[in-house]
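Biologist: I am new to this structure and would like a close look at a single part of it. Please start with the whole chain and then go to the helix that holds the buried charged residue.

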Amino acid sequence: MAADSYTVSNCKGEDLKLVLTRTPPQPQKTAKRSSGGKPVLLPITRVRTIMKTDVNSSVNTSCLSQESTLLITKATEMFIAELAKQSSKVALQNAANDVTYKHLATAVHSKPDELKFLFDVLPEKMLAKDALAFIAKAAPGGLAD
C-alpha cells in the first residue's frame, strides 16, 4: 500500500505529520450499533427530524441528545416488531401465508387497552353500505349533501 505523507500545522504553530494510507473502501453497514451492541435499523437522523418537526410535542426538541434519539429509535423498532408479531399471529390463526391490512387491524383492535391510539389509523374494514348505515344510525341527519 502506498502511503502519502502530509505536514499540517495546528493553531499553536506545531507541525503535525499526517499519514494517509490508501485502503479499499469498506462496505457501508446499514445498521448502526447502539451502546448495547444491538443494531438499530431505523435511520436515526430521520427519527431526529420527525421529533424536531412534531408540533404537538410538549418536549423542547431544540436540544435533543444523541442518546435520547437512539432510545426513541430503539423503542419505535421494538413497537413495530411487537405489532408485526401480533399481526403474524392473527394471520396464522386465519391460515394465511401473508399478513394483510385485515390482520394488522384485527391485531390492533384485539388489544384495546394497549393500542387504542391506533384505532383511527387502522380501522377495521367494512363495506360502504355498512358504513353508511352506521353513520345514518349515529347521526340523526345522516350525511350532509
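**From the whole chain to helix H2**

Modeller: The accessible surface of the chain comes to about 12,000 Å², and 58% of that belongs to carbon and sulfur atoms. This is a predicted model. The chain has 145 residues, of which 15% count as buried. Its secondary structure comes to 5 helices and 4 strands. Read from the N terminus, the order of elements is β-β-β-β-α-α-α-α-α. Among contacts between residues at least 6 apart in sequence, 24% join residues at least 24 apart.

Now to the part itself. Helix H2 covers residues 66–93, and both Glu77 and Lys74 belong to helix H2. These two residues form a salt bridge, with their closest N and O atoms 3.7 Å apart. The pair falls within the 4 Å cut-off for a salt bridge. Because Glu77 and Lys74 are 3 residues apart in helix H2, about one helical turn separates them. Side chains of opposite charge can pair when their charged atoms come close. The two partners can also be described by their exposure. Glu77 has a relative accessible area of 13%, so Glu77 counts as buried. Lys74, with a relative accessible area of 25%, is partly exposed. The line between these two classes is drawn at 20% relative accessible area.

Further along the chain is Gln86, which also lies in helix H2. Gln86 counts as buried because its relative accessibility is 15%. What does Gln86 contact, leaving aside its neighbours within four places in sequence? The residues in contact with Gln86 are Ala107 and Lys111.

Lys111 leads to another charged pair. By the salt-bridge rule the count comes to 2, and one of them joins Lys111 to Glu114, with the closest N and O atoms 3.8 Å apart. Lys111 is partly exposed, at a relative accessible area of 24%, whereas Glu114 is exposed, at 54%.

The last step is the nonpolar side of the picture. The largest nonpolar core has 5 residues, namely Leu83, Val108, Leu115, Leu118 and Leu122. Leaving out residues up to four places away in sequence, Val108 touches Leu83, Leu115, Leu118, Phe119 and Leu122. Val108 and Leu83 are thus both members of the core and in contact with each other.

Definitions and conventions: Residues are numbered from 1 along each chain as its sequence is written. This is a predicted model: local features need pLDDT of at least 70, side-chain atom pairs count only at pLDDT 80 or more; totals for chains, interfaces and linings use all residues. Side-chain values use heavy atoms; hydrogens and water are left out. A nonpolar core is a set of buried Ala, Val, Leu, Ile, Met, Phe, Trp, Tyr and Cys residues joined through side-chain atoms within 4.5 Å. Buried means under 20% relative accessible area, exposed over 50%, partly exposed in between (1.4 Å probe, protein chains only). Contact means heavy atoms within 4.5 Å. Helices (H or I, at least four residues) and strands (E, at least two) are DSSP runs, numbered from the N terminus. Accessible areas come from the Shrake-Rupley method with a 1.4 Å probe; for residues, only the protein chains shown count as cover. A salt bridge is a side-chain nitrogen of Lys or Arg within 4 Å of a carboxyl oxygen of Asp or Glu.
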